[in-house]
Amino acid sequence: MIGLPCLLAAAVIQTANPTWEVVVADAVMDPPAAGVDAAPEIQRRLDAIGATGGGTLFLKVGTYRIASPVVLPINTCLKGDYSASAPGKSTVLAIVAGRGDENGEPAICMGTSSALQGLVFHYPDQTLDAPTPYPWTVRAKMKPRRAPDHQTIRDCTFVNAWQAVAIGPEPNELHTFRDVRICALKTGFAVDSTTDIGRVIDVEVSPRVWSASGLPGAPDERRLRDWLKAHDTLGAWYGRSDWEYVWRLKVAP
C-alpha cells in the first residue's frame, strides 16, 4: 500500500517533442522565472515522490537554473521533454552550481534505482575562451563504503560539462547509460569498481554535441576539437569493472 498514493496521482503526459514511449508522471513542474534556482523546488517534489515509495517528476520544456545540488531519492526518476536534435527545445537544466571547484558536490546525485531521462544538461557560463572547472554533473550518491546501485541515464544530452558522469570509485553495480550524448572538457564518463554488469548502449562522445547544439555560446567545431585534443580530454574512462556490456559506444577522434 505504500505506493498507492503515488499511483493514484499518476497521469499520462502530452509531450511537446515526439517520444518513443507513453510518458507517465506522478508530478509535473513548469520552468520557473529566469534567474530563479529551480533546484530547491525540484528537490522538494522529488522528496515528496520518494516518500510515497517512488515515482516520476516530469519537467516541462524550458530552462531550469540549477544553482544548488539535487539528490534523487531511491526509486525516483527525473524526466524531461526531450529532442536529441534540438536541445534548446527540450527540458534544459542550466547548471551554475559548483563553478570553479571540480572536486565539489555534483550537480545531480543519484540514489538506488533512480533515473534521469529526457534531459539536456547545459553550463550557460562555460566558454572555450576561459574554460572553468565544475564538479561532476551526475554521480552516484556517496555512502561510507559503497555507492548505490541500479542508476539509469537514458535519452540525455550533456552539452558542455567539465566532467559529465561518474560511477564509482566506491563499489557499485548495474548502471545503465543508453542513448546518451556527451561533450565534456575534461572527462565524458568514468566507471570504476563495478562488480556486476554495467550497460553502455548507444552512447556518443563528440565535440559536435556542443558545437551543433544551437545553444548560446556554442563554439566552432574545429576549434573545440583542437582544444579537446590539446588538453588530453577523456571521452570514456574505465577503472575496474568485473563485467561491462558496451554496445555502439562512439568516441569522436
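Q: How do I read burial for Asp 202, and which class does its relative accessible area put it in?

A: The general idea is a cut-off on relative accessible area: buried is under 20%, exposed is over 50% and partly exposed is in between (1.4 Å probe, protein chains only). Asp 202 has 23%, so it counts as partly exposed. Keep in mind that this is a predicted model, where local features need pLDDT of at least 70 and side-chain atom pairs pLDDT 80 or more, while totals for chains, interfaces and linings use all residues. Residues are numbered from 1 along each chain as its sequence is written, and side-chain values use heavy atoms, without hydrogens and water.

Q: Where does Asp 202 sit, and what is the sign of its phi?

A: Most residues other than glycine have a negative phi. Asp 202 has a positive one, about 55°, although it is not a glycine. Its place is in strand S15; strands here are DSSP E runs of at least two residues, helices are H or I runs of at least four, and both are numbered from the N terminus. Asp 232 also has a positive phi, about 50°, and is not a glycine. Asp 232 lies in the loop between H4 and strand S16 (234-238), and at 64% relative accessibility it counts as exposed.

Q: Which peptide bond is cis?

A: Most peptide bonds are trans. Look at the one from Gly 168 to Pro 169, which is cis with omega near 10°. Pro 169 lies in the loop between S13 and S14.

Q: Which residues of helix H4 are buried?

A: An α-helix has 3.6 residues a turn, so residues three or four places apart point the same way. In H4 (residues 221-230), the buried ones are Leu 224, Trp 227 and Leu 228. They cover an arc of only 95° around the axis (taken from the directions from the helix axis to the C-beta atoms), which puts them on the same side of H4. Flip to the other side and you find Arg 222, Lys 229 and Ala 230 exposed. The cover over the buried residues includes strand S13 (152-167), strand S14 (176-191) and helix H3 (208-211).

Q: What does Gly 198 touch, leaving out residues up to four places away in sequence?

A: A contact means heavy atoms within 4.5 Å. Gly 198 touches His 175, Trp 243, Glu 244 and Tyr 245. Its C-alpha is 4.7 Å from that of Glu 244, though the two are 46 residues apart in sequence. Gly 198 is in strand S15 (residues 198-205) and counts as buried at 0% relative accessibility.

Q: Back to S13: how accessible are Ala 164 and Arg 154?

A: Ala 164, in strand S13, counts as buried at 0%. Its contacts beyond four places in sequence include Trp 136, Phe 158 and Ile 182. Arg 154, also placed in S13, counts as partly exposed at 22%. Among its contacts are Trp 20, Leu 116 and Asp 179, and its C-alpha is 6.1 Å from that of Val 180, 26 residues away along the chain.

Q: And for the whole chain, what does the radius of gyration agree with?

A: For 253 residues, a compact globule would have a radius near 18 Å, and the chain has 17 Å, which agrees. The radius is taken over C-alpha atoms, and the globule rule is 2.2 Å times the number of residues to the power 0.38. Of the 253 residues, 49% count as buried. The secondary structure comes to four helices and 17 strands, and residues 24 or more positions apart account for 72% of the contacts with a separation of 6 or more.
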